[in-house]
Amino acid sequence: TGRGVLIETLRDLIPGYPALGEGGPLGPLRKMNLLGPRTFLVHANYLCEAEILEAGRAGSPVVHCPASHAFFGHRRFPWSGFRKAGSPVRVGTASALTGGGPDLVAALRRGIETSDVAPEDLWFAATQGGAEALGLGGVTGSLRVGYSADAVVLEHGGASLRTLPDKLLEGGKTAASMVQGRFDGGLGSGQGTGATYSQGTSPQA
């Protein structure tokens, strides 16, 4: 609508910030020459086809928040449309006030319901893809030697590489957790099997 606390705050912070109705949802960004790879389009639930193509040409990443998307009952998120246009889609969590919280796996499960995307694409968007969008692709986002890793190890039986993305969305018993490349209890903590890792490397290696 171009009204409300958020838009008024933006106008106070950014002199000349245009009204929301001028040029559609991307109008203010277009006018201020802010569309590009360093501008993340958060939610982007109601861009028309022309605006999706424009965002793709600019290379602006789109951040889909499945929990808030479901909470507000939005139309199905056009994931494949953004991807075909050239905008990388990444996944974010939402506030507890809008049906979200810190549970990323729960957000990914919602992503299956709110968008036209495969489980493996959701996992990529929430991990390696997110790191790449933030310019941290060579630091984190993947389980590789030398990378800073925050990870959770889940116990799952009978999952193959083909079915693993679906199985992981079901959740499971947490076997161990890793923060900043170091295991915290359980597997690899020194209390059981495995080794302790720091910043993605083993001191025993």
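**A walk through the predicted model, from Ser 142 outward**

I will begin with one residue: Ser 142 is buried, with a relative accessible area of 13%, where buried means under 20% relative accessible area, exposed means over 50%, and partly exposed is what falls in between, using a 1.4 Å probe and protein chains only.

Before going on, please keep in mind that this is a predicted model, in which local features need a pLDDT of at least 70 and side-chain atom pairs count only at pLDDT 80 or more, while totals for chains, interfaces and linings use all residues. Residues are numbered from 1 along each chain as its sequence is written, and side-chain values use heavy atoms, with hydrogens and water left out.

Ser 142 sits in the loop that runs between helix 8 and strand 4; helices here are DSSP runs of H or I with at least four residues, strands are runs of E with at least two, and both are numbered from the N terminus. Setting aside residues up to four places away in sequence, Ser 142 touches Gln 128 and Tyr 147, with contact meaning heavy atoms within 4.5 Å. With Gln 128 there is also a polar contact, side chain to side chain, at 3.4 Å. That term covers a pair of N or O atoms within 3.5 Å, where, within protein, one must be able to donate a hydrogen and the other to accept it, and residues adjacent in sequence count only if both atoms are side-chain atoms.

Stepping back to the whole chain, there are 9 helices and 6 strands, and 34% of the 205 residues are buried. Among contacts between residues at least 6 apart in sequence, 48% join residues at least 24 apart.

Next, the interior. The largest nonpolar core holds 20 residues, of which Leu 41, Trp 79 and Phe 82 touch the most other members. Helix 3 (49-58), helix 5 (79-85), strand 3 (89-91) and helix 7 each give two or more residues to this core. By nonpolar core I mean a set of buried Ala, Val, Leu, Ile, Met, Phe, Trp, Tyr and Cys residues joined through side-chain atoms within 4.5 Å. In soluble globular proteins, nonpolar side chains tend to be buried together. Phe 82, leaving aside its neighbours within four places in sequence, is in contact with Ala 44, Leu 47, Ile 52, Val 62, Phe 77, Ser 87 and Val 89.

Helix 3 deserves a closer look, since its buried residues are not all of one kind: they are Glu 51, Ile 52, Glu 54, Ala 55 and Gly 56. They pack against helix 2 (27-31), strand 1 (41-42) and helix 5. Just after helix 3, Gly 59 takes a positive phi of about 75 degrees. Ser 60, in the loop between helix 3 and strand 2 (62-64), counts as buried at 0% relative accessibility.

What about backbone angles ahead of that helix? Most residues other than glycine have a negative phi. In the loop between strand 1 and helix 3, however, His 43 has a phi near 75 degrees, and Ala 44, placed in that loop too, has a positive phi of about 50 degrees. His 43 is partly exposed at 31%, whereas Ala 44 is buried at 14%.

Which backbone oxygens does the side chain of Arg 76 reach? A polar atom of that side chain lies 2.7 Å from the backbone oxygen of Glu 113, and the side chain reaches the backbone oxygen of Ser 115 at 2.7 Å. Arg 76 itself lies in the loop between helix 4 (66-71) and helix 5 and is partly exposed, with a relative accessible area of 49%.

Finally, the largest pocket contains about 1,100 Å³ of space. Its lining counts 34 residues, and those closest to the centre are Thr 127, Leu 143, Asp 150, Ala 151 and Val 152. For the method, the grid is 1 Å over the protein atoms alone; a pocket is an open set of points where a 1.4 Å probe fits, with protein on both sides within 12 Å along at least five of seven lines, and lining residues have an atom within 4 Å of a point. Points are joined across faces, edges and corners, and the volume is the space filled by probe spheres set on them. Helix 6 (104-114), helix 7 (119-126), helix 8 (128-133) and strand 4 (151-155) each supply at least two lining residues. By class, the lining has 23 nonpolar, 8 polar and 3 charged residues, where Ala, Val, Leu, Ile, Met, Phe, Trp, Tyr, Cys and Pro count as nonpolar, Asp, Glu, Lys and Arg as charged, and the others, Gly among them, as polar.
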